[in-house]
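Colleague: Could you take me closely through one part of this protein, the sheet and what packs around it, and keep the account connected from strand to strand?

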Amino acid sequence: MRKTKKQDFGNVDLLAAKRISTNTQEVPSEQILNSVLERKRVVRQRKREKRRRILIRLLGLCVILGAIFLFLRSSYFAIKDIKVEGMNYYTGSEVISMSGAEQGRNLIFDAGKKEIIENLSSNPYFKSVKVKRKLPSTLLIQVEERPQIAAILFGDSFIVIDDEGVVLRKTDVDPKLTLLTGLTISKMSIGENVDAEEKEFLAITLRMLNTMRDGDMYFKKIDVSKVVIRAYIYDNLLVKGTPGEIMGAIESGELQKVVSNLFDQNISRGTIVMGGTSYISFSPELDAD
């Protein structure tokens, strides 16, 4: 009996110990609980600090951007000087007037770049227009003008064209350019290519005029009414030949040599006849044909 009782007591002690051990694991101590709460508080505090730092940085950035914006809008960047490059027919002041560019406007935000380009591009003389800002206060307008290379008789008026046949203007005053005669104009609109019944003659004559310009030659008048054209250097000194022959003689420099020799001899009357790109003859008689 005694042994049995001792075994029972031993079993009871063992079960109690297990329950105590189990309760100790399931229920955290006060120290552990305080540690967990402290960690949560620290995490919340760090999040608040992080949000506060981000907010301060955003506010600082807004202040900086606002200050920069106000500075850029200040009178320091007001347009004080307007420059024009590339003009030939027009003067710089005329280009500025036509462009609508104004001093005093803000160079960065209110220069009127789009309006300037639109205003000038409506004029057929301007092939291209660029507008640039040069800080802090200079507006630069760069234009590429179409070269006025010839004029065509149109009734009692003159149609001024460029080297591509684009009509630049119509005038009643002699523009002092190479005068093209013998063309029948079927359509003429400012800013568009002139339309003539003799399209092939006009096209090749324009090429010849470009060659003439590049070769430092000048014809006062060109009659393109026939296959063999008549190009007048002076009123009484002309060159007869096809456009191809004349272009070849100019490109080789042979025609310039002949004209220079005649000029040195004070000869301003006669006919220079092209016999090909390498053969040129001269007659003191003015060919009336």
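Modeller: What follows goes from the whole chain to the sheet, then to the helices and the nonpolar cores, and ends with one loop residue.

The model is a predicted one, and local features are described here only where pLDDT is at least 70. The protein has 7 helices and 14 strands, and 34% of its 289 residues count as buried. Among contacts between residues at least 6 apart in sequence, 50% join residues at least 24 apart. The accessible surface comes to about 18600 Å², with 54% of that area belonging to carbon and sulfur atoms.

The part you ask about is an open sheet of 9 strands with mixed pairing, and its order is β6-β5-β4-β7-β10-β11-β12-β13-β14. Because β6 (167-171) and β14 (280-283) stand at the edges with a single partner strand each, one side of each is left without a neighbour in the sheet. From one strand to the next, the twist averages 25 degrees.

Within that order, β4 (residues 148-154) is a convenient place to begin, since both of its pairings can be described. On one side, β4 runs antiparallel to β5 (residues 157-162), to which 6 bridges join it, and A151 has V160 as its bridge partner in β5. The hairpin formed by β4 and β5 has 2 residues between the strands, and in this hairpin G155 takes a positive phi near 70 degrees. The pairing of β4 with β7 (residues 178-181), by contrast, is in the parallel sense and extends over 3 bridges, with T178 in β7 as the bridge partner of A150.

Further along the sheet, β11 (residues 229-234) and β12 (residues 237-241) run antiparallel and are joined by 5 bridges, and Y234 has its bridge partner in β12 at L237. Two helices lie across this region: α6 (residues 243-252) lies across β11, β12, β13 (270-274) and β14, running at about 115 degrees to β12, while α7 (residues 254-264) lies across β11, β12, β13 and β14, running at about 160 degrees to β13.

These strands and helices also appear in the largest nonpolar core, which has 35 residues and in which F219 and L255 have the most contacts. The elements giving two or more residues to this core are β4, β5, α5 (199-214), β11, β12, α6, α7 and β13, and α5 gives the most, with 5 residues. For L255, once its neighbours within four places in sequence are left aside, the contacts are M217, F219, V239, I246, A249, I250, I272, M274 and I280. A second, separate core has 20 residues, including I79, I116, F126 and V160; V160 is the β5 residue already named as the bridge partner of A151.

Finally, a loop residue deserves a look: N123 sits between α4 (113-121) and β2 (126-134). Its relative accessibility is 12%, and N123 therefore counts as buried, the cut-off being under 20%. The side chain of N123 reaches the backbone nitrogen of Y125 at 2.9 Å, and, not counting residues up to four places away in sequence, N123 touches Y90 and M98.

Terms used. Residues are numbered from 1 along each chain as its sequence is written. This is a predicted model: local features need pLDDT of at least 70, side-chain atom pairs count only at pLDDT 80 or more; totals for chains, interfaces and linings use all residues. Side-chain values use heavy atoms; hydrogens and water are left out. Two strands pair if DSSP finds at least two bridges between them. Helices (H or I, at least four residues) and strands (E, at least two) are DSSP runs, numbered from the N terminus. Axes are lines fitted to C-alpha atoms, for helices over the stretch in contact, and angles run from 0 to 180 degrees between N-to-C directions. Contact means heavy atoms within 4.5 Å. Buried means under 20% relative accessible area, exposed over 50%, partly exposed in between (1.4 Å probe, protein chains only). A polar contact is a pair of N or O atoms within 3.5 Å; within protein, one must be able to donate a hydrogen and the other to accept it, and residues adjacent in sequence count only if both atoms are side-chain atoms. A nonpolar core is a set of buried Ala, Val, Leu, Ile, Met, Phe, Trp, Tyr and Cys residues joined through side-chain atoms within 4.5 Å. Accessible areas come from the Shrake-Rupley method with a 1.4 Å probe; for residues, only the protein chains shown count as cover.
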